[in-house]
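Here are my notes on this one, as numbered points. Have a look at the model first, then read on.

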Amino acid sequence: MADKKRRGEDAGDDRLHDEVVDDVADDDATDAEEPVSRGGTATRSRAKADSADSKPKTKAETDRVGLFGRIARFIREVVAELRKVIWPTRKELLTYTAVVVAFVAVMLTIVAGLDFAFAKGVLWVFGNPS
């Protein structure tokens with residue numbers, strides 16, 4: 001496998017692949033004005049159909065839902081998302097809580113120790129005001 005991926009062979013493989021993709025894109029192109037994207041799906045025919053059938057929508061046509069309708073839809077979507085959540089069991093919840101409390105206690109100890117050490121160091125460097 002390592003022999004196949006040498007610097008000289010990589011460039012040749014990429015050029016060959018690019019040429020094949022370009023040839024396929026040129027064969028399928030019916031309209032030279034539209035750009036051809038590489039790596040995506042072919043949506044040219046759908047875009048033409050959508051643009052020909054649809055007319056520009058005004059703000060009044062797209063904004064028919066009122067304030068309370070939007071709030072109700074938001075709440076429905078929140079409830080739907082919360083139903084997808086995998087809720088922890090009681091045992092998992094207690095375990096996670098214990099881990100968080102232990103981590104916070106360790107970090108509190110480290111920060112308190114550093115604070116004490118730096119306070120003593122500052123007093124030692126600048127002297128103890130009496």
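1. Let me begin with Arg73: at 40% relative accessibility, Arg73 counts as partly exposed (buried is under 20% relative accessible area, exposed is over 50%, partly exposed is in between, with a 1.4 Å probe and protein chains only). Its partner is Glu77, and the two side chains meet in a salt bridge at 4.0 Å, N to O; the term stands for a side-chain nitrogen of Lys or Arg within 4 Å of a carboxyl oxygen of Asp or Glu. Glu77 is partly exposed too, at 46%.

2. Before going further, the ground rules. This is a predicted model, where local features need pLDDT of at least 70, side-chain atom pairs count only at pLDDT 80 or more, and totals for chains, interfaces and linings use all residues. Residues are numbered from 1 along each chain as its sequence is written, and side-chain values use heavy atoms, with hydrogens and water left out.

3. Why do Glu77 and Arg73 sit about one helical turn apart? Because they are four residues apart in helix α4 (residues 67-84). Helices here are DSSP runs of H or I with at least four residues, strands are runs of E with at least two, and both are numbered from the N terminus. As a reminder, an α-helix has 3.6 residues a turn, so residues three or four places apart point the same way.

4. The whole structure has two salt bridges. Besides the Arg73 pair, Lys84 forms one with Glu81, with the closest N and O atoms 3.2 Å apart. These two are three residues apart in α4, again about one helical turn. Lys84 is exposed at 59%, while Glu81 is partly exposed at 46%.

5. There is also a nonpolar surface patch with about 1000 Å² of accessible area together, including Phe68, Phe74, Leu82 and Trp87. Patches take residues with over 30% relative accessible area and no salt bridge, joining like charges within 9 Å and nonpolar side chains (Val, Leu, Ile, Met, Phe, Trp, Tyr) within 5 Å. Trp87 lies in the loop between α4 and α5 (90-126) and is exposed, at 58% relative accessibility.

6. On to α5, with 37 residues: it reaches 53 Å from first C-alpha to last, close to the 54 Å expected at 1.5 Å a residue (1.5 Å times one less than the number of residues). Just after α5, Gly127 takes a positive phi of about 90 degrees. The unreviewed UniProt entry annotates residues 93-114 as a "transmembrane region", though such annotations may be inferred rather than shown by experiment. That stretch is 100% helix and 0% strand, with its end C-alpha atoms 32 Å apart.

7. Which helix has the lowest mean pLDDT, and which the highest? Helix α1 (residues 7-28) is lowest at 51, and α5 is highest at 96. The chain averages 74, with 50% of its residues at 70 or more, on the predictor's 0 to 100 confidence scale.

8. Overall, the chain comes to five helices and zero strands. Of its 130 residues, 1% count as buried.

Note on methods: Accessible areas come from the Shrake-Rupley method with a 1.4 Å probe; for residues, only the protein chains shown count as cover.
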